[in-house]
Amino acid sequence: MEEKLTAEEQVLLEWIANEGKPAHVRRARVLLLRDQGLTPTEIGPRAGLSDGRVYYWLRAFRERRMDIFPTDLLAEAKPTALRMVGDKEEETVVGAESPRPERPEITVDELCQHYEVDMAHARHVADLALALFDVTAEVHGLPSNRRDLLETAAILHNVGFAFYPEKHHTAGRDIILEHRLVELGEVEQQMVACTTAFHRKRFKPRRIDKEPSFLALPDEARDETLALAALLRLADGLDYSQSQTTLLGEAQSSLQAIVLPVLGPFSEEDATRARRKADLWHHLFEVELHFVVEGEPGIWVHPEGAEAKITQPRKLKSPGILPDDPMSEAGRKALLFHFVRMLEHEPGTRLGEDIEELHDMRVATRRMRSAFRVFAPYFNPDALRPFLKGLRRTGRALGRVRDLDVLMERAQHYLATEVSEESPRPHDDLDALLEDWHGRRETARAKMLAYLDSKQYQRFVQGFGQFLATEGAGAPPPPISRPVPHRVYQVVPALIYTRYEVVRGYEPMIESGSLDMLHALRIDCKRLRYALEFFREVLSSDVEKVVKEVVIVQDHLGNLHDADVACHLLIAFLHQWSRQEQRERINISGVTRYLVAKQNDLRALVDSFPETWRHFNRPEMRRQLALAVSAL
């Protein structure tokens, strides 16, 4: 605001903040918080509004002042407000400072009564939520004290419905934030408000980044809040009929799925709704939830613990793909081949004595993720989804450590090559940098080991291993109505050439392409290479020459990308150094020289890449690719 609130405006706004409807309360709180000196970005989470709405009401107030509120509301507020102004002015004369009003304290039961909550629905949703909490406890991993918080969240999830049915999820969030719930701590109350905001509309990942009540949470509470919101969504769906008659039967559990029988006269309607509202659950967790009603086709799961032990397949020299294999079976073989290699390098990765063990384990996860892109269209839609999530988590855990290994290895190589008579011991110049990177690596390694020791990783390994060891798992029935290419010899030629076309499409931009474009080309080269390697058994021997050519391009672009990443990290390190109070105690001259060296490397790699491309793009390479594919 361009000027401070007048005494009358301040008292009117305080009255509205305590007595008004939620929409007016939020508006008043924005103005009061701004008058206290808070910035719009600080106001948003405290008022339960987005930054855009905060700016809107601040602009509106500058133009219209108190006319942004309804006249009948102002008429109701003014008699009390004028008396309070007189008291306030009297206090000012004697030097007393008027304290800001606290949020009104209220119990959960009182809040429900005040906003006319349908308690039959609220209590039934709470009972269902607690049942879901218990049956999925090993999956969500929430501490036991969050069970009570889930019950409170379930009771309050519809607190805004009676007055604001169209947007009751956001209205309910704001109502919760506008009061001080005596049973909850500040963070717990914020968590409940956030679960209320997430309970209604279809979940989309981008909602997480736009929800102010979620952004206001401390980092350590965010994952738990999302898990609670996922359970609340399911429970609310199970009483979609508003009949309070739907119950859950005895669950069947496996490492891959939990089957929940839904019982009652409205079970079909409520189960259908629960399936739709399982979107957030399936975004967070690999274990599928299946809600089934009597008379529907059953979903078979292994008895509890039946798949706890996996017989690891023997190591194979190749996946064993055949030209006549269905693509789903070829995919299972390719995934199994690299899955075994991932497990083979896990002990060495845990030990940490040879960084190549971690490198090889990470490569195996990357190959499997690429295999998902190739083979996923030939599996049932939901068959691979939970395993892809596990692969992503595993790849991220390994990648954080591996990336730092590469950075430190290249820095050490730089030091070794820079030793000269003019600079007999440059090692000291990078001590601060290497110490920083080493500390980051140790932190990343500790997190990696914690993940590899977690039940989440063990469930992923056991479930994925069992899936891959089962011939035909996840495969759809063969097409019968019309001919559909689904065997290796029918699909692979077009598949490989499609990826080759994508790579060759970069040709017009090679001479003047940006670093982002070259990075995208590196990824597409990798996808072409992996596709060739997946099917090298059914292609002619010419495929080895083609793979070799693709590797040359990929390695050139990989070195370029690593140099670019190193430059960004070195600049960030120098920026961090510039903000430290005792900068003179850290010798960064070597870091600046190293940054110049990496920038020179980056420029040299960019300048020399067109020649590497021309070698790859020559007619001889295209002839070899054609010969390789002609075997099919």
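Q: What makes α7 oblique to α14?
A: In this predicted model, the axes of helix α7 (residues 119–135) and α14 cross at roughly 125 degrees and come within 8 Å. Angles of 65 to 115 degrees count as roughly perpendicular and those over 145 as roughly antiparallel, and the rest, once those under 35 are set aside as roughly parallel, are oblique. The value of roughly 125 degrees falls in none of the named ranges, so α7 is oblique to α14.

Q: Which hand does the crossing of α7 and α14 have?
A: α7 passes α14 in a right-handed crossing. The label is given because the near helix is turned clockwise from the far one by less than a right angle.

Q: How do you know which residues in α7 meet α14?
A: Contact means heavy atoms within 4.5 Å. On the α7 side, His121, Val125, Leu128, Ala129, Leu132 and Phe133 meet α14, where the partners are Leu231, Leu232, Leu234, Ala235 and Asp236. Sorted by class, the contact of α7 with α14 has nine nonpolar residues, one polar and one charged. His is in none of the nonpolar or charged lists, so a His counts as polar, while Asp counts as charged.

Q: What makes α11 oblique to α14?
A: Helix α11 (residues 186–198) packs on helix α14 (residues 219–237) at about 45 degrees, and their axes are 9 Å apart. Roughly parallel needs an angle under 35 degrees, and roughly perpendicular starts at 65. An angle of about 45 degrees meets neither condition, and that makes α11 oblique to α14.

Q: What hand does the crossing of α11 and α14 have, and which residues make the contact?
A: α11 passes α14 in a right-handed crossing. From α11 come Val187, Met191, Cys194, Thr195 and Phe198, while α14 brings Ala221, Glu224, Thr225, Leu226, Leu228, Ala229, Leu232 and Arg233. By class, this contact of α11 with α14 has nine nonpolar, two polar and two charged residues.

Q: Why are α1 and α2 called oblique to each other?
A: Helix α1 (residues 7–19) and helix α2 (residues 22–35) pack at about 135 degrees, with 8 Å between their axes. Roughly antiparallel would need an angle over 145 degrees, and roughly perpendicular ends at 115. The two helices are therefore oblique to each other. α1 passes α2 in a left-handed crossing. The contact residues include Leu13 and Ile16 of α1, and Val25 and Leu32 of α2. The residues of this contact of α1 with α2 divide into seven nonpolar, two polar and three charged.

Q: How do you know what lines the second largest cavity?
A: A lining residue has an atom within 4 Å of a point of the cavity. For the second largest cavity, these residues are Gly348, Thr349, Gly352, Asp354, Ile355, Leu358, Asp405, Arg441, Arg445 and Met448. Two or more lining residues come from each of α18 (346–351), α19 (355–375) and α21 (431–452), and α21 gives the most, with three. The lining has four charged, three polar and three nonpolar residues. About 40 Å³ of space lies in this cavity, and the structure holds three cavities of 30 Å³ or more.

Q: What makes the largest pocket a pocket and not a cavity?
A: A cavity is a set of points where the probe fits but cannot get out, whereas a pocket is an open set. About 1,400 Å³ of space lies in the largest pocket. This pocket is lined by 48 residues, and Arg362, Arg366, Arg522, Lys526 and Tyr530 lie nearest its centre. α19 gives the most to the lining, with eleven residues. By class, the lining has 23 charged, 13 polar and twelve nonpolar residues.

Note on methods: Residues numbered from 1 in each chain as written. Predicted model: local features only at pLDDT ≥ 70, side-chain atom pairs only at ≥ 80, totals over all residues. Heavy atoms only, no water. 1 Å grid on protein atoms, 1.4 Å probe; cavity = no way out; pocket = protein on both sides within 12 Å on 5 of 7 lines; lining within 4 Å. Points joined across faces, edges and corners; volume = space filled by probe spheres on them. Helix = DSSP H or I, 4+ residues; strand = E, 2+ residues; numbered from the N terminus. Axes fitted to C-alpha atoms, helices over the stretch in contact; angles between N-to-C directions.
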